[in-house]
Amino acid sequence: IPWLLKTNALLSVCIGTPPLFCTKDFPLQSELCQLCLITHTSGPIIALPFDNTITVRCEARGNPPPEYRWTKDGKEFNYSEFTTNKTHRKNGTFVLHSKQLSQFQGKYRCYASNKLGTAITEEVELIVPSIPKFPKETLEPVFVKEGEPIILECNPPKGVAPRQLYWMSLGLEHIEQDERVSMGTDGNLYFSNALQKDSRTDYCCFAAFHTIRTIVQKTAMAVVVESCRFTTEFSSDGTDATDKPSLLLPSGVQSLVVLLKGENLQLECIPGGLPSTTLMWWWKVSLHQEGMAFVLTETDITEPPQSQLSVIGSDVHIKCSVSGKPPPDITWRRNGEIFRDDELNSIQVLDDTVAFHNAKPEDSAVYQCEASNVHGSVLANVNVMVANVAPLILTRDYAEYAVVVINTLRLSPRSKDETAIEGERFVALENGQSLKIISTEKGDSGVYMCGASNSEGKSSVMAVLDVKDPTKIVVAPQDVEIVSGTTAQLTCHAEHDKSLQDSFKVDWMKDGKEIVLSSETDSRHFVDGGRLHIMNVNLDDQGTYTCVAKTSLDEDHAAALLTVLDVPDAPKNLEISEIKSPRNVVLSWIPGSDHNSSVTEFVVEYEESQWEPGRWRELQKVAGNQATAELALHGHLNYQFRVYAVNAVGPGPPSEPTGRYPTPPAAPDRNPENIKIQGHLPHQMDISWEPLLPIEQNGPGLEYEVSYRRLGVEDQWTEHLVKRHSFVVRNTSTFIPYEIKIHSRNSHGWAPEPKVFTGYSGEDVPTAAPRDIAVEVINTTILRVSWTQVPPATVRGHLGGYHIHWVRRKSLLNPNKTLDEHQSLSIPGKRSHAIVPQLEPFSEYKLTVNVFNKKGNGPRSDPVTFSTPEGVPVQIPILTASNPKEDSTLLVWGPPLEANGILSGYLLQYQLINETTLEVVDSQEVNITGAETTQWQVLGLEGDSLYRFQLSACTQTGCGPPLAEESRTVSTGIPALLNISSYVSDTFAKISWTAREEQRDLQLYVAYMNNREGNWRISDAVNTSQSFHVIDGLKPGTVYTVRLMAKGLLDNASIFEDVIQTRVKGVVSPRSDFSTHGWVIGTLCAVALLTLVALMACFVRKNKGGKYAVKEKEDLHPDVESQPMTDDNYEYSDSDEKPLKGGSLCSLNRDDAVGDSISRDSMVDYADGGEEFDEDGSFIGEYSDRRRKASVSEPSGPSPVTA
């Protein structure tokens, strides 16, 4: 069978010639004949009385369609005369009416025939059962003696199975059965020994046949038990007189049970005798010994004969292997007829084998093998076809095969023409019927052709092979150790061929068993994003987890070990053993499982029943590699112990406690600790200590011996025996050293000799003051002070240190005002000098020093008076640059709040700033003399430039920190416009302004841009005296950007910029009348100005002592324009003329200079007035407010805004 490669491809295909017998299921071509095959037949048929009809089935298939005939008891049976089945011509099934059934009882066989042969069925037995009955008989009563066995025979009639037997009385009451009374499988009722109560006349055996719904009853039997008086009689050998045990069933020394293979084996043994006998069963190796034997019988075809398709002239062998007990006889039939040797036609029948030599077409037939013995028979049909036919390929044409790439090895390209497949990777199997390709590659994909031919013809079939990418795990799960109770995550990501997406899935297995994943919220296992989550991990989750990525073609898997860490198990088998004494023991144990985390330590705990019963306390810790602990115990206690283990996860549960272990009483092991010696009063000494714990007392009668003596003066100890843990020594000298020791004892002896401690009696306040106080002024705020220490005897206690007190009496700037500002500093220890910080410059101070101890302060030293030198002023509070011009600007400031000396003037530094690099281009410095100066006109500046001004206040000592302010000079020819507003309609916008008198004849340009289109349009030059400009041709409902510029170029030197939106036709915006009520705004601003000026005047008077007086003219004629305003004073409407958002911008459109330019205009007005702008309260009130504010110029109309 040659294989051809249509394209580069891979394939495994099965082909073959079709058998023409019917035991193979395959689609038959219409031109082929088919031998008959019995497809359905009836088994044994039992005709029940209540069945209306009986159906005997026989169906077969074949080509041509088979014809049917029946035999009954070996004779032809014309079933068409009796059947009521109208479709009997299509099959061999016939139906019999129940009234005729009795005459049809017998054994039937069905024959299905066509021109190729005849198939037959096994014999079908039709049974018409009769009603079973017990024979009519007269039964004599059964007389037995008490204690003898009884057998009541049932002998039930035969009938249709199943049959059920039971014993009842005539009153239909069941006969009670137990170990003494029982019914055998034969239906007999057995009494092991008779009792008086067994006497009765109505023992009845009933047989129930459920299939035919019938119950029959045997004639009642009577049993009479004759009474025997049983007394305790003894035989000559002294044993009790009893009946010897016997077997009622089975009888004899051996019984034989015969059953068919597949049936249930039931053995029974019923004993007789008094008393009741106990039974035991055992298996006898030899069947010749006493006991029961059973024989398995069967008739079975162990190897059914195989249908065959053979070519003409070949040898054909039909084998029919059978088995059974007794050995069955084999009968061969051909087309239903008995078949024997035919030497003429070279046919031999050899018991279970039929041999054809040089088979001919006429040997084609259906052969039957029938095996039978006394227990029944079995039959098998075998189809034999002898013919020469053209090959028929069973595999369907263009069958599709899919495999995965085994490796990436690629052989040399093969021709895509119809060439025979060759190469080591291509192996033909099963005589060329299958093609095996080793190590498939992507290039093997394609269309393959298989061709088969013989002398009768040839045939071919196509097969399509698709080699797909293999499934492989690219991110495999890793071994992980996880703590019990937490969540474990195992990651598994796999790649697969995209065409296999529908069948791709990832399964997880634990120790070889699949993990059932649930979508329920309480499930402990779920997969999310290629990760297996195991919630609340426990020890049962430990194991090997395997990720299996599979498709319909292949799979890949990767495994990881999950190790669960948990706290150790409790130790077991605790044992106590003594070492040297009952108070020195060894506790041993067997460690529990560490659950994959090594034990780091064992903790031994104890509980005692005398002082703290039920409370466990830690006694000792031992290393994790030990399982014993040496314990030193206290006396006079009743102990029990337990142990728990600790690992990296945490402490495990404790072990079971040991039994109680009492220790004998003993003297205390130690003396009190933490002894404190204090003197709460000058002439006494308080001694206290930490008492022994109750468990440390080691016995009853605990006491403490307190011993003391003066250090270096007394040799003898003064001793006192007390039970409390404190003692007071009275009538001592002040602060005298003593030696003290505390010795503990109980009724069993003294503790070891105690340590001696040194302490002092009570303290008192010091009696002497430091002398020789000297001060050294280091600078304006720091002072060094020194003194001579007081004698130690005058301290009268433990030296605490020295207190330094100083008082600022007055400032030298205002010597007539007393300040009395107190401060202090504590210097611990034995010191004779210190540094005093945080002094005020140019002030007068008074200073004292005193010593202190725990009891209190000693007397102060004589006071020392000193003054601090003059310092530099603090930073000025405010600096404002106003009224910028092309070459000058006005600086206004306030004096420093703290001059720290006599103010001599100010230092002004100003730098020209490069706005691109923010670097200093030029720097100038000016000394401004006169403490009263608060404004300065800076001249000689460059136009349209940015300056940074820094101003510092100065004294004779130096200048203080500067305050900086930035300002810009104006450009020549750029108008400063006021009261810029706009009116916006649907197709035009009106921009209005007010120009100053000196800028009436300047020119400006109006530019606007549609924000969607991004194109600017610039108007012709507009004279500032025109006061408005109309932009027409706008689109309704569109957003525009509007600029006023001093030049006809689009640069950053615009006067202002704003965004407007045209209205939509038909939509009228509400008008606001409030914005036109200028007199309301002016009145509110005037009231606010008067209030603010008054508050500022009070503030300046309070802080400057009234040095700066507010002029009456400023109070009576406040300039409204100088007061600040906010945008909150106005409400605007789209239909009114309103100030633009950019209307407060300066000429170069810099936001930072907005407030400056506005406030400068107002300050210029003050400066031009001469006497209206002086160093008085009116200006102080102005610069103390926020400096970046707009200003109101007219109280009677809309507020103009300076641009």
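Cys154 and Cys205 form a disulfide in which the sulfur atoms lie 1.9 Å apart, and this assignment, like those that follow, was made on a predicted model. The torsion about the S-S bond is -70°, which gives the link of Cys154 and Cys205 a left-handed sense. Because Cys154 is placed in the loop between β13 (150-152) and β14 (163-168), whereas Cys205 belongs to strand β17 (residues 200-209), the pair ties together parts that are 51 residues apart in sequence. Both Cys154 and Cys205 are buried.

In total, the structure holds 5 disulfides. When the bonded cysteines are counted along the chain, the disulfides of the protein follow the pattern 1-2, 3-4, 5-6, 7-8, 9-10.

A further link of this set joins Cys58 to Cys110, with an S to S distance of 2.0 Å. The value about the S-S bond is -80° for Cys58 and Cys110, and the link is left-handed. Here the two partners are both located in strands, Cys58 in β5 (residues 58-63) and Cys110 in β9 (residues 106-114), so that the disulfide ties together parts that are 52 residues apart in sequence. With a relative accessibility of 0%, Cys58 falls under the 20% limit and therefore counts as buried. The value for Cys110 is likewise 0% relative accessibility, and Cys110 is accordingly assigned to the buried class.

Another disulfide connects Cys492 with Cys547, for which the S to S distance is 1.9 Å. The torsion about the S-S bond of Cys492 and Cys547 is about -70°, and the disulfide is therefore left-handed. This pair links distant parts of the chain, since Cys492 is found in the loop between β42 (488-491) and β43 (493-495) and Cys547 in strand β48 (residues 543-550), 55 residues apart. Cys492 has a relative accessible area of 5% and is buried, while Cys547, at 0% relative accessibility, also counts as buried.

Accessibility was also computed for Cys269 and Cys450, and the two cysteines fall into separate classes. Cys269 has a relative accessible area of 22%, and because buried is taken to mean under 20% and exposed over 50%, Cys269 is described as partly exposed. Cys450, by contrast, has a relative accessibility of 1% and thus counts as buried.

How values were computed
Residues are numbered from 1 along each chain as its sequence is written. This is a predicted model: local features need pLDDT of at least 70, side-chain atom pairs count only at pLDDT 80 or more; totals for chains, interfaces and linings use all residues. Side-chain values use heavy atoms; hydrogens and water are left out. A disulfide is a pair of cysteine sulfur atoms within 2.5 Å. Helices (H or I, at least four residues) and strands (E, at least two) are DSSP runs, numbered from the N terminus. Buried means under 20% relative accessible area, exposed over 50%, partly exposed in between (1.4 Å probe, protein chains only).
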